[in-house]
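Please load the model in your viewer and keep the selection tool to hand, since this tour moves from one selection to the next and says what can be found at each stop.

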2 protein chains.
Amino acid sequence: MQVATFNCNSVRRRLDVILHWLAVHNPDVLALQETKVQDHDFPEDAFLDAGWNVYFRGQKAYNGVAMITRDPVEYVSFGLQDDDGESASRLAHVTCGETAIVNTYVPQGSELGSPKFAFKLEWFTRLRRYFTERFEPTRDRVLWIGDLNVAPTPADVYDSQKVWPHLCHCQEVIDAFRAVTDWGFHDIFRKHLPESGRFTFWDYRLRNAVENGLGWRIDHVLGTQSMTDASVSCDIDVESRLQKGSSDHTFVTASFR
Amino acid sequence: MQVATFNCNSVRRRLDVILHWLAVHNPDVLALQETKVQDHDFPEDAFLDAGWNVYFRGQKAYNGVAMITRDPVEYVSFGLQDDDGESASRLAHVTCGETAIVNTYVPQGSELGSPKFAFKLEWFTRLRRYFTERFEPTRDRVLWIGDLNVAPTPADVYDSQKVWPHLCHCQEVIDAFRAVTDWGFHDIFRKHLPESGRFTFWDYRLRNAVENGLGWRIDHVLGTQSMTDASVSCDIDVESRLQKGSSDHTFVTASFR
DNA sequence: GTGGCTAATG
DNA sequence: CATTAGCCAC
């Protein structure tokens, strides 16, 4: 099984990029974040016409998640389900055979110490509860993927000391993230690619950020023990980020036995 | 000599289209309207690097004219010169050898009877004065080209009766336009292509307008008697309008002995 | 429909 | 730098 995640920064703007990537890589599941489109404007037919199944939930201008799958899924839901549906455009959950895949777009947090930052911290807490209430880490095959807006170690940022403390690289956020992983997630990406300098996001505002290594690893592939054991490789499609008309993030792929 | 006119609807958006067209057609002069760019943002280098000379005057968001020439010109000026420079982004005047070429982007007029409509009518009056003060129609080789925002005869609109009275096809505007041509301009386009249904502009908002013949002839090539006598052919590049990423107008070309 | 503008977000 | 929205013009 091959699973991928991509913060596409507008699914409409990135439609050709995504369809091309799907055609070349033919994954079982592609998880998208920041689709930035309301459901009635989602380019559903473009995916259906290319032979994919697509499940999505979005809102105007911000957020939005989608799952593109080769086979229809047995289960799909959106949101943390502890609210009135406000989180629907940040969490998509599908079941493919024995595997649950939870795709999240964790709030970015706006500014350290801001209300949105508090909301981000809470979001990790709510997400931990989401997992504890639904799964048993020693029993279930669970993948947590997506744009988690956290670079959890110094190896995950181009210059940890320089950026610290940052929205995605500060103690509070790392602790909040760790509180989720402590439930029972392992970093599948790091199992296969332990060296530093492997990034998944480069700010548009930094020119030649990719060439100069000015990136962040904030898009993740995490899994329970059984998923981690079953994983055989991970990869970042850096080339795609170098194309013009690309998202500021790129595709991260994981393969499983 | 080959001269062309093109309302490019943003020279920045249309840069590739224009450079490609220049490379293929290699005209002596290409007159552009609606460049929609301030001078400090005009893509001058792109034309210079391709071996062209370029003279331009624009403003923010609206209007803007440019002359692209194979050889440097002996004279260039902008505007009607009866104002504080407000008309500079609607009139470019160059001299190439014995020939004066005046490229205008006549005000569209917004709405029948509006202040902008009155401004349009005035503009033709001011333009007649521009010609009378500078040229002698029986002596001088003068070309008047550009987007004149007038379809002067029923043959110049897809359905004259249906659209009448329209900003670009009503008695007042036709009379104002005729007052200029009466000074001494002949319709060089019509000398070579007398049949109706030859259009240079198709509204973006009408789907398949070109295929359905829903166009207008509002981009013109007019000349004094000597220019008209020297003219050998005219052509509209309809194909260019059918490409995606095209302007709503297309290129009109005239060849001279 | 397709431009460009401003403003906000990231 | 690159999205979105809402505005305006043609």
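The stops below take in two sheets and a helix of chain A, then a residue of chain B, and then a DNA strand. Keep in mind throughout that this is a predicted model.

**First stop: a sheet in chain A**

Select the strands E3, E4, E2, E1, E12 and E11 of chain A, which in that order form an open sheet of six strands with mixed pairing. At its edges you will find strand E3 (53-57) and strand E11 (231-236) of chain A, each of which pairs on one side only. From one strand to the next, the twist averages 15°. Now narrow the selection to E2(A) and E4(A), which run antiparallel and are joined by five bridges; if you pick Gln33(A), its bridge partner in E4(A) is Val65(A).

**Second stop: helix H1 on that sheet**

Add H1(A) to the view, and you will see that this helix packs on the sheet, touching E1, E2, E4 and E12 of chain A, with a direction that makes about 160° with that of E2(A). Which residues of helix H1 (residues 15-25) of chain A are buried? They are Leu15(A), Ile18(A), Trp21(A) and Leu22(A). When you look down the axis of H1(A), these buried residues fall within an arc of 135°, and they therefore line one face of the helix. This fits a general rule: an α-helix has 3.6 residues a turn, so residues three or four places apart point the same way.

Turn the helix over, and the face of H1(A) directed away from the buried side shows the exposed residues Asp16(A), His20(A), Ala23(A) and Val24(A). To see what covers the buried residues of H1(A), select, among others, strand E1 (2-7), strand E2 (29-33), helix H2 (44-49), strand E4 (65-69) and strand E12 (252-256) of chain A. Just after H1(A) comes Asn26(A), whose phi is positive, near 45°.

**Third stop: another sheet in chain A**

Next select E5, E6, E7, E8, E10 and E9 of chain A, which in that order make up an open sheet of six strands, with mixed pairing. Here the edge strands, each pairing on one side only, are strand E5 (75-78) and strand E9 (186-187) of chain A. Helix H3 (residues 115-134) of chain A packs on this sheet, where it touches E5, strand E6 (91-96), strand E7 (99-105) and E8 of chain A, and its direction makes about 20° with that of E6(A). Within the sheet, strand E8 (residues 141-147) of chain A and strand E10 (residues 219-223) of chain A run antiparallel and are joined by five bridges; Trp144(A) has Leu222(A) as its bridge partner in E10(A).

**Fourth stop: Phe189 of chain B**

Move to chain B and pick Phe189(B), which lies in helix H6 (residues 188-192) of that chain. Is this residue buried or exposed? Phe189(B) counts as buried, because its relative accessibility is 1%. Beyond its neighbours within four places in sequence, Phe189(B) is in contact with Arg198(B), Arg217(B), Val221(B), Cys234(B), Ile236(B) and Val252(B).

**Last stop: DNA strand C**

Finally, select DNA strand C, which is surrounded by 14 residues, the closest being Ser10(B), Arg13(B), Arg14(B), Lys60(B) and Tyr204(B). Of the strand C atoms within 4 Å of the protein, 65% belong to sugar or phosphate, and the rest belong to bases. Zoom in on Ser10(B), where an N or O atom of the side chain is 2.6 Å from a phosphate oxygen of DNA strand C. For Arg14(B), the corresponding distance from a side-chain N or O atom to a phosphate oxygen of DNA strand C is 3.1 Å, and for Lys60(B) a side-chain N or O atom is 3.1 Å from a phosphate oxygen of DNA strand C.

Notes. Residues numbered from 1 in each chain as written. Chains lettered and ligands numbered in written order. Predicted model: local features only at pLDDT ≥ 70, side-chain atom pairs only at ≥ 80, totals over all residues. Heavy atoms only, no water. Pairing = 2+ DSSP bridges. Helix = DSSP H or I, 4+ residues; strand = E, 2+ residues; numbered from the N terminus. Contact = heavy atoms within 4.5 Å. Axes fitted to C-alpha atoms, helices over the stretch in contact; angles between N-to-C directions. Buried < 20%, exposed > 50% of the residue type's maximum accessible area, 1.4 Å probe, protein only. Arc of directions from axis to C-beta. Near = heavy atom within 4 Å. Polar contact = N/O pair within 3.5 Å; in protein donor to acceptor, adjacent residues only side chain to side chain.
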